[in-house]
Amino acid sequence: MDKVRAGAGDGRREYRVEELAEAAGITTRTLRFYRERKLLQPPRKEGRIAWYGEAHLHRLGVIAELLERGHTLGGIAELIGAGESGRDVAELIGLEAAIIAPWSDETPVHLDWDELKTAFGDQLTEENTAESVAQGYISVEEDGITHVSRRLMDATTALVAEGVPLAVVLEASRRAQEHVDAIAEIFTALARDQLLGPLAADTPLPPGEAARLTEQILRVRPLARTVTDAQFALAMDRRVHAEYDGLLRQRREQREDGGADDRPDAHGQGDPGAPRAQA
């Protein structure tokens, strides 16, 4: 009997266990293990022969993709056991991809010790290096360091070249990181509480709900960046104007204080402590 045939006259392919494993790119042992874990729906039996169809092959593809994304077999079993069909699982994969898709497109950069010495001179200290490592931006290697972001590294070297001490740059970086982490928490909490509530429910998602949530997440994601960019720009306007007004006020007060010593007193003299000419 052929290992692969059209199923029950309807034109759909059916596979023996060996052929299905080969088509899915796994071993027959793995296929049987998936059956034991109830990750694969039962085959159609014809006597003592088990026949598998395209739905089984698709399910194996879904399992492979979930494993690739870091899911455990236990988690996949729970997902499938909750009553999700292959199509619903695929929709959940799309939802997960929309939720955890990277926000940054930073390019790492490697600098050797000579390049670092040229950029930072005697500011390339153990303390500054340790602070950079603690912030999670660099990893130290035998021949130099790798920074997670070329843009941040370029900004750091540019600020140091402008005369800002590296330690001051790192302190500003640490404080900025704390604030942006807080901003990220605000938006993730908003998405969790206002949009993704159905994922926390004990019941499976209704049909089409994963696809709807995926579209919603894709619409909302850019709004977080828009709000953050706009509010940062407005905050910079407020702070810059306030700081500049403060500098002008300070200069004005200093001029006024300095001019007070030169103003004549009641006797027409300037500084009363200064020696007076004798008549």
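What follows is a short conversation about the salt bridges and overall make-up of this predicted model.

Student: Let's start broadly: how many helices and strands does the secondary structure of the chain come to?

Tutor: Happy to begin there, with the model being a predicted one. Both kinds of element are present, and the secondary structure adds up to ten helices and seven strands.

Student: What share of the residues of the chain counts as buried?

Tutor: The cut-off here is under 20% relative accessible area. Applied to the 279 residues of the chain, that gives a buried share of 24%.

Student: And of the contacts between residues at least 6 apart in sequence, what percentage joins residues at least 24 apart?

Tutor: Good one to ask! Take the contacts in the chain whose residues are at least 6 apart in sequence. The part of them that joins residues at least 24 apart is 61%.

Student: Now to the charged pairs: how many salt bridges are there?

Tutor: A pair qualifies when a side-chain nitrogen of Lys or Arg is within 4 Å of a carboxyl oxygen of Asp or Glu. One of the pairs is R44 with E14, whose closest N and O atoms are 2.7 Å apart. The full count is eight.

Student: Why does the R44 and E14 pair tie together parts that are apart in sequence, and by how many residues?

Tutor: Look at where each partner sits: E14 belongs to strand 2 (residues 12-15), while R44 belongs to strand 3 (residues 44-46), so the bridge links parts whose separation in sequence is 30 residues.
Their surroundings can be added: R44 is partly exposed at 33% relative accessible area, whereas E14 is buried at 9%. The separation asked for is 30 residues.

Student: Which residue is linked with E14 and R44 in a network of salt bridges?

Tutor: We have already met R44 and E14 as a bridged pair. The network of salt bridges also takes in another residue, E46.

Student: Over in helix 9, which residue forms a salt bridge with E171, and which one with E178?

Tutor: E171 lies three residues from its partner, about one turn of helix 9 (residues 166-194), and their closest N and O atoms are 2.6 Å apart. E178 is four residues from its own partner, again about one helical turn, with closest N and O atoms also 2.6 Å apart. In both cases the partner is R174.

Student: Is R174 buried, partly exposed or exposed?

Tutor: Its two partners are both in between the cut-offs, E171 at 34% and E178 at 45%. R174 has a relative accessible area of 27%, so R174 is partly exposed.

Note on methods. Residues are numbered from 1 along each chain as its sequence is written. This is a predicted model: local features need pLDDT of at least 70, side-chain atom pairs count only at pLDDT 80 or more; totals for chains, interfaces and linings use all residues. Side-chain values use heavy atoms; hydrogens and water are left out. Helices (H or I, at least four residues) and strands (E, at least two) are DSSP runs, numbered from the N terminus. Buried means under 20% relative accessible area, exposed over 50%, partly exposed in between (1.4 Å probe, protein chains only). Contact means heavy atoms within 4.5 Å.
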